[in-house]
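Student: I'd like to learn how to read a protein structure. Could you walk me through one?

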Amino acid sequence: MTDFELIAIAYTGKRVDYWVEQLRVLLTSVLDRRDGDERPSFKRLSAIRAWTDLAELLSRSDITAAMSREQIVQHAHECVRSGEVHGLLHVAFETNIASKLWHALRFVARPVLDCWMLRNIASQHPQFRKLRIFLVPPRSKMAVDVEYQTDITDAWARLNSAPPPAADMKMLAVFGARFKRDCAASYAQHAEIQLFTHYEEHPNLSPTLRYFGCSKKACLLCEGFLAALPSPIDTRGRHGICYPAWGVPSSRSAGAKTALIKLENMLVTRIKTFLGAFGQARKTHFAPPTGQSTIVSSFSGLTVQEFLQRQDMVRSANKTETAMREKRLIR
């Protein structure tokens with residue numbers, strides 16, 4: 001393994017350890033449910049040396065050690081690169097179990113997969129061969145300043161000039177303590193905000209593209225904040241979820257303050273619209289939640305050609321489905 005691959009594994013160590021544990025528990029539970037007569041079907045996987053070595057490593061008690069972690073990731077990567085392992089998993093296990101094992105394998109192998117992806121991109125696109133990679137250190141948790149913490153009734157008053165009805169007032173009182181506790185709770189910064197802060201603190205660095213590509217789509221607040229900056233930063237899209245624990249560290253940038261004001265106004269408008277017309281607001285103002293996490297990030301924008309190709313694919317799929325329904329006399 002290259003030095004860069006080892007650095008990538010160490011940098012994502014916590015995530016790797018999580019998926020290693022998920023893989024180990026899943027594999028152990030499956031083997032425990034098998035009868036002695038059924039074990040030979042699992043032995044068919046021994047034809048793949050990488051899988052055999054990986055299974056042995058997962059059975060060790062020191063899987064969280066740095067050296068074992070590197071070996072597990074290396075063997076998981078070999079398994080993922082081998083089409084035979086994917087096929088044998090579906091032969092040896094039920095479909096849902098095989099899919100879960102393959103899903104966990106891909107996440108365990110992800111640090112090395114990402115390095116290989118970058119290598120392939122650089123080999124095909126010369127402009128990426130001088131790419132510089134900076135490791136952004138994890139940020140400690142932060143909390144909302146006391147001056148910005150507010151009572152639930154004050155928050156309601158800021159959103160609605162009219163006093164709440166008696167029934168709503170009782171409901172607000174029930175959630176008052178929880179609201180205050182949630183406002184004061186510490187939380188982890190989202191990846192997009194960590195990247196923004198990193199560039200703010202290091203003005204000598206400049207992103208090659210005004211684009212933050214993460215494994216997860218941006219939340220409503222991150223996407224709204226980045227889009228409201230004087231020089232907007234694109235993302236691969238948002239998943240439509242608004243988390244209660246979110247914030248941007250104090251910044252000297254006037255653009256960040258302006259973006260926060262725009263984001264605040266947008267949120268207030270949406271909340272008021274939501275409170276005034278619940279059904280219509282859900283249909284026209286709120287993006288539906290979508291899948292958040294994928295193995296590889298992708299750009300949110302589509303070229304005209306890609307868009308037309310996707311339309312043709314959708315039309316073709318609809319025609320095929322209609323033909324199948326008519327053939328099977330399904331109405």
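Tutor: Sure, and let's begin with aromatic rings. Rings of Phe, Tyr and Trp (its six-membered ring) pair if their centres lie within 6.5 Å. In this model, which is predicted, Tyr 18, Trp 19 and Phe 107 form one aromatic cluster.

Student: How many aromatic pairs are there by that rule?

Tutor: The count is five aromatic pairs. One of them is made by Trp 19 and Phe 107, and it is stacked, with 4.5 Å from centre to centre and 10° between the planes. Trp 19 belongs to helix H2 (residues 13–33) and Phe 107 to helix H7 (residues 95–108), so this pair ties together parts that are 88 residues apart in sequence.

Student: Are Trp 19 and Phe 107 buried or exposed?

Tutor: Both Trp 19 and Phe 107 are buried. Now take another pair, Phe 196 with Phe 225: that one is edge-to-face, at 5.1 Å centre to centre and 90° between the planes. Here too distant parts of the chain are linked, as Phe 196 is in helix H11 (residues 191–201) and Phe 225 in helix H12 (residues 220–227), 29 residues apart.

Student: Why do Phe 196 and Phe 225 count as buried?

Tutor: The cut-off for buried is under 20% relative accessible area. Phe 196 has 6% relative accessibility, so it counts as buried. Phe 225 is buried as well, with a relative accessible area of 0%.

Student: What sits over the ring of Trp 116?

Tutor: That's the charged end of Arg 119, 5.2 Å from the centre of the Trp 116 ring.

Student: Let's move on to helices. How many helices and strands does the protein chain have?

Tutor: The protein chain has 15 helices and zero strands. A general idea helps when you read a helix: an α-helix has 3.6 residues a turn, so residues three or four places apart point the same way. Try that on helix H1 (residues 3–11), where the buried residues are Glu 5, Ala 8 and Ile 9. These three cover an arc of only 100° around the axis, which means they lie on the same side of H1. Asp 3 and Ala 10, on the other side of H1, are exposed.

Student: What about the interior? How many residues does the largest nonpolar core have?

Tutor: The largest nonpolar core has 31 residues. Those with the most contacts inside it are Leu 23, Leu 54, Leu 89, Phe 93, Leu 101, Leu 105 and Val 108. At least two residues of this core come from each of H2, helix H4 (49–58), helix H5 (66–81), helix H6 (83–92), H7 and helix H8 (110–124).

Student: Which helix gives the most to this core?

Tutor: H7 does, with eight residues. To follow one residue, look at Val 108: leaving aside residues up to four places away in sequence, Val 108 touches Val 16, Trp 19, Val 20, Leu 23, Ile 72, Val 73 and Ala 76. Apart from this core lies another, of 17 residues, among them Phe 196, Leu 221, Ala 256 and Leu 263.

Student: And charged residues? How many salt bridges does a search of the whole structure find?

Tutor: The general idea is that side chains of opposite charge can pair when their charged atoms come close. In this structure the search finds seven salt bridges. In one of them, the side chains of Arg 24 and Glu 21 meet at 2.5 Å, N to O. Arg 24 and Glu 21 are three residues apart in helix H2, so about one helical turn separates them. Arg 24 is partly exposed, at 26% relative accessible area, and Glu 21 is partly exposed too, at 30%.

Student: Which residue forms a salt bridge with Arg 139?

Tutor: Glu 201 does, with the closest N and O atoms 2.7 Å apart. This pair links distant parts of the chain: Arg 139 is in the loop between H8 and helix H9 (152–159), while Glu 201 is in helix H11, 62 residues apart.

Student: And where do Arg 178 and Asp 182 lie?

Tutor: Both are in helix H10 (residues 166–184), four residues apart, about one turn of the helix. Their side chains meet in a salt bridge at 3.8 Å, N to O. Arg 178 counts as partly exposed at 48% relative accessibility, and Asp 182 is partly exposed at 43%.

Student: To finish, how much of the chain is buried?

Tutor: Of the 331 residues in the protein chain, 31% are buried.

Note on methods
Residues are numbered from 1 along each chain as its sequence is written. This is a predicted model: local features need pLDDT of at least 70, side-chain atom pairs count only at pLDDT 80 or more; totals for chains, interfaces and linings use all residues. Side-chain values use heavy atoms; hydrogens and water are left out. Rings of Phe, Tyr and Trp (its six-membered ring) pair if their centres lie within 6.5 Å; planes under 30 degrees apart count as stacked, over 60 as edge-to-face and the rest as tilted. Buried means under 20% relative accessible area, exposed over 50%, partly exposed in between (1.4 Å probe, protein chains only). A charge sits over a ring if NZ of Lys or CZ of Arg is within 6 Å of the ring centre and within 35 degrees of the ring normal. The arc is that of the directions from the helix axis to the C-beta atoms. A nonpolar core is a set of buried Ala, Val, Leu, Ile, Met, Phe, Trp, Tyr and Cys residues joined through side-chain atoms within 4.5 Å. Contact means heavy atoms within 4.5 Å. A salt bridge is a side-chain nitrogen of Lys or Arg within 4 Å of a carboxyl oxygen of Asp or Glu.
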